[in-house]
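Okay, thanks for making room for me. I'd like to walk you through one chain today, so have the sequence and the model open while I talk.

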Amino acid sequence: MASGRLLVEILSIGDELLIGQTVNTNAAWMGRLLEAEGWRVNRCVAVSDEDAAITEALVEAEARAELVLITGGLGPTRDDITKHVLCRHFDTELVRHPEIEARIEAWFASRGREILQVNRDQALLPAACTPLDNPLGTASGMWFERPGGVTVSMPGVPYEMEYIMSHGVLPAMRSRLEAEGRLPVRAHRSLLTMGTGESQLAARLGELEDALASRGVMLAYLPSPGSVRIRLTAEGEAVDFLDTAHAEVMERLSDWVVSAQGNKVEEELARLWAAQGWTLALAESCTGGGLGAALVAQPGASAYFLGGVQAYANAVKEGMLGVDRELLAAHGAVSEEVARAMAEGVRQKLGADFGLSVTGIAGPDGGSEAKPVGTVYIACAGPSGTRCTLHKFGRDRTRNLGMTLRSAFQLALEVGRSALTEAKPASRVADSL
């Protein structure tokens, strides 16, 4: 292999990726993993299920990269042709592996499913490859040595690919690079900001960014709706300066930092609530359960999340949350008054330390001159009172819902951090036991 940083290219095979039927999450996952290893991903290419297209992309990738990673096309059906293309490419033939066939038979037997010949034939692999174990499925990974590098083919099923990468490809490549004295010394730090855009952040950092670059620490701005993650990267001796650089960036951007580790805002909220022994209840109108789904997607949510009410209709706001009918008539469902009443109502009904509510007009219809599409009120009620914020997001429904989720968690996090300076609230749930 050539000296220097390992160069990687990813080939994702499948017509479903090109027509938008399937999102290429495999490439994104591999990109994050490989970057963390200090290896450079030079290209990610999606290729159709055609012999000529796969062959052309493979030849080009191998000419540029030391490590070529292929996903997809290893299933038992006719459109899965990757093995046959690789046989021709490496001038080899398929051979049957009895031990792999036995594993496939056991895989089907354990699930009470009939095994077909096409399933048994997944034990046919190119003679030139080293099989990579896949206990989560029936398609083995394949490792090919070639002049100038390595080519690896893996199934397109995400969890199968992730297993092979984590347990087969990465350990082997690390050992290879370490033996050659090329294992990179590389590290990252991240922080998450909310409340401003990347241009404002860059302006606040000013000359500090140049000063950090002169010390070998590079900054990357990774914006998404409602937040910007900043990644600091250092290699070699500059890694020793990385913590100092991270602290300096944190200090400059303290007005907007939500997470010093770059975690999602809901992860920071979960961490704080669990650490303090607090409980949280949700009252959702426009998000229809999205806040709760985001919380329970994280392990350990049962430690702090009691539950929620999807109060989409006014009748539910009244009946389940105790919002006064006259309040709804006077101010409308999308108002500060109703948002506050929802947060306070769900906190009382579920016996939580904090109640968080959202009510708004997600769009694309339903707005007015006074309350256009994208108008959202978010309220958080706690032992020290209720805080409410007004947001004007825009006209795109999907973006509005995503922004509402992140802004709601941000408000709750701010309220929770403020509560740390006050007396710790006693848990109503604990008192009732």
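I'll go from the overall chain to its sheets, then to a few helices, and finish with the empty space.

Quick housekeeping. This is a predicted model, so local features need pLDDT of at least 70 and side-chain atom pairs count only at pLDDT 80 or more, while totals for chains, interfaces and linings use all residues. Residues are numbered from 1 along each chain as its sequence is written, and side-chain values use heavy atoms, with hydrogens and water left out.

So, the overall picture. The chain has 17 helices and 17 strands; those are DSSP runs numbered from the N terminus, with helices being H or I of at least four residues and strands E of at least two. Along the principal axes, the C-alpha atoms fill a box of roughly 80 × 60 × 50 Å. Of the 433 residues, 48% count as buried, and here buried is under 20% relative accessible area, exposed is over 50%, and partly exposed is in between, using a 1.4 Å probe and protein chains only. Now contacts, meaning heavy atoms within 4.5 Å: among those between residues at least 6 apart in sequence, 68% join residues at least 24 apart.

On to the open sheet. Five strands make it up, in the order β14-β13-β15-β16-β17, with mixed pairing; two strands pair if DSSP finds at least two bridges between them. Which strands stand at the edges? They are β14 (305-310) and β17 (385-392), and each has a single partner strand, so one side of each is left without a neighbour in the sheet. On average, neighbouring strands here are turned by 15° against each other, direction ignored. Strand β13 (residues 280-284) runs parallel to β14, and five bridges join them. If you want a spot to click on, Ala281 stands opposite Gly307 in β14.

Two helices go with this sheet. Helix α13 (residues 314-321) lies across β13, β14 and β15 (354-360), and runs at about 140° to β14. For these angles, axes are lines fitted to C-alpha atoms, for helices over the stretch in contact, and the values run from 0 to 180 degrees between N-to-C directions. Then helix α16 (residues 397-419) packs on the sheet and touches β15, β16 (375-382) and β17, its direction making about 30° with that of β16.

Next, move to strand β9 (residues 186-194). Seven of its nine residues are buried, so β9 is largely enclosed by the rest of the structure. What does β9 pair with? Nine bridges join β9 to strand β11 (residues 227-235), running antiparallel, and β9 also pairs in the antiparallel sense with strand β12 (residues 257-259), over two bridges. For landmarks, Ser190 has Arg231 as its bridge partner in β11, while Thr193 stands opposite Val257 in β12.

β11 has another antiparallel pairing, with strand β10 (residues 217-224), over eight bridges. There, Pro223 stands opposite Val228 in β11. The hairpin of β10 and β11 has two residues between the strands, and Gly226 takes a positive phi near 90° in it.

A couple of helix details. In helix α4 (residues 82-89), the buried residues are Thr82, Lys83, Val85, Leu86 and Cys87. After α4 comes Asp91, with a positive phi near 55°. Over in helix α5, look at Glu101: buried or exposed? Glu101 is buried, with a relative accessible area of 15%. Leaving out residues up to four places away in sequence, Glu101 touches Arg96, Arg120 and Ala123.

Last topic, the empty space. On a 1 Å grid over the protein atoms alone, a cavity is a set of points where a 1.4 Å probe fits but cannot get out, a pocket is an open set with protein on both sides within 12 Å along at least five of seven lines, and lining residues have an atom within 4 Å of a point.

The largest pocket holds about 540 Å³ of space; a volume is the space filled by probe spheres set on the points, which are joined across faces, edges and corners. Its lining has 34 residues, and Gly73, Gly75, Pro155, Gly156 and Val157 lie nearest the centre. Helix α7 gives the most to that lining, with three residues.

As for cavities, there is one of 30 Å³ or more, and the largest has a volume of about 50 Å³. Lining the largest cavity are Leu74, Lys83, Gln122, Leu125, Thr138, Ala139, Ser140 and Met142. You'll have met Lys83 already, among the buried residues of α4.
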